[in-house]
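Subject: Structure handover

Hello,

Here is the structure I promised to pass on. Please open it first, then read the notes below.

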Amino acid sequence: MAKRHFKGYFETYRIGEESFEVEIRLSPYRRSTSLSLRKNGFVCNAPSRLPKENLDSFIVSSIPKILSKIKKKPEPIEGDDVYIFGIKTHIEGFSSMSKEKRNALLKKELLPYVKEMTKEYSIKMGIKEDYEVKVRDCHSVYGVNHRKTLSITYSLNLVHYDKHIIDSVIIHELTHHFVYGHSEKFYKILLGVAPDYRLSRKKLINHIYA
Ligand SMILES: [Zn+2]
């Protein structure tokens, strides 16, 4: 219902040599202005009473900030150098392998580890059931707990991160054994097992592998 108040339109902004299309969504109920980069491009949310020149200068100053953040993100794979468990590892010929072969190689590293640690943390957390553990090449989530079938699927992407960060994802998914959503109760259990969970999560989101 609230969505009806949106008034969205597209505008092109030129910064230096480049031009950027920004979707502008104005709402009379908004108090602050924000710019974010989504899958389909830049989206600016702003109060409808904000003067046009303020809106424009906000967008023009925010775009370079967002872009520089993205550029700083380190790549997990550079040529034949691959981050495996947070360590830059040289794998001869990696860059010329097919995606299937690369994924198979990475899966061989990750799967035994997440299997072992899921078992270990299950015991630690008092879970009697035996979870089946899978690894998939998916980038939208780090892990999914299918509680009904007692299986957890982890993202292959995790292979690039330090084991401590991977553990935080394992503990997160195992906490879903007890609590379905991300409520206060959920975090109470999670932080009991992984006290520095928030730091690990920050690293994960910001692509800090080590
Ligand atoms: Zn969750």
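Helices (H or I, at least four residues) and strands (E, at least two) are DSSP runs, numbered from the N terminus. With that in hand, start at leucine 150, which sits in the loop between S9 and S10.

First, the ground rules. This is a predicted model, where local features need pLDDT of at least 70, side-chain atom pairs count only at pLDDT 80 or more, and totals for chains, interfaces and linings use all residues. Residues are numbered from 1 along each chain as its sequence is written, and side-chain values use heavy atoms, with hydrogens and water left out.

Confidence and layout

pLDDT is the predictor's confidence in each residue, from 0 to 100. Its mean over the protein is 92, and 95% of the residues reach 70 or more. Among the elements, helix H3 (residues 163–175) has the highest mean pLDDT, 98. Strand S1 (residues 7–15) has the lowest, 87.

The domain assignment gives domain 1 (2–72) and domain 2 (77–205). Such bounds come from an automatic or database domain assignment. The C-alpha centres of the two domains lie 35 Å apart.

Glutamate 53 belongs to helix H1 (residues 52–72). It counts as exposed, at 64% relative accessibility. The scale used here is relative accessible area: buried is under 20%, exposed is over 50%, and partly exposed is in between (1.4 Å probe, protein chains only). Glutamate 53 and leucine 111 are 58 residues apart along the chain, and their C-alpha atoms are separated by 53 Å.

The zinc site

Which residues are the protein donors of the zinc ion? They are His172, His176 and His182, each through NE2, lying 2.0 to 2.1 Å from the ion. Along the chain the donors follow the spacing H-x3-H-x5-H. A donor here is an N, O or S atom within 2.8 Å of the metal (3.2 Å for Na, K and Ca); water is not among the atoms, so sites may look incomplete. Histidine 176 has a relative accessible area of 10%, so it counts as buried.

The hairpin

Strand S9 (residues 143–146) and strand S10 (residues 151–155) run antiparallel, joined by four bridges. Two strands pair if DSSP finds at least two bridges between them. Glycine 143 stands opposite tyrosine 154 in S10. The side chains of S9 alternate. Gly143 and Asn145 point to one face and are buried. Val144 and His146 point to the other face and are not buried.

S9 and S10 form a hairpin with four residues between them. Back to leucine 150: it has a positive phi of about 50 degrees, although it is not a glycine. Its relative accessibility is 25%, so it counts as partly exposed.

The open sheet

Three strands form an open sheet in the order S5-S6-S7, with antiparallel pairing. Strand S5 (77–78) and strand S7 (87–90) stand at the edges with a single partner strand each, so one side of each has no neighbour in the sheet. Four bridges join S6 to S7. Tyrosine 83 has lysine 88, in S7, as its bridge partner.

The cores

A nonpolar core is a set of buried Ala, Val, Leu, Ile, Met, Phe, Trp, Tyr and Cys residues joined through side-chain atoms within 4.5 Å. The largest one has 37 residues. Leu110, Val114, Tyr154, Ile166, Ile170 and Leu174 touch the most other members. Elements giving two or more residues to this core include strand S6 (81–84), helix H2 (99–124), S10 and H3. H2 gives the largest share, seven residues.

Apart from this core lies another, of 13 residues. Leu35, Phe42, Cys44 and Ile59 are among them.

The end of the chain

Histidine 207 lies in the segment after H5. It has a positive phi of about 60 degrees, although it is not a glycine. With a relative accessible area of 22%, histidine 207 is partly exposed. Histidine 207 and glycine 181 are 26 residues apart in sequence and 24 Å apart in space, C-alpha to C-alpha.

Best wishes
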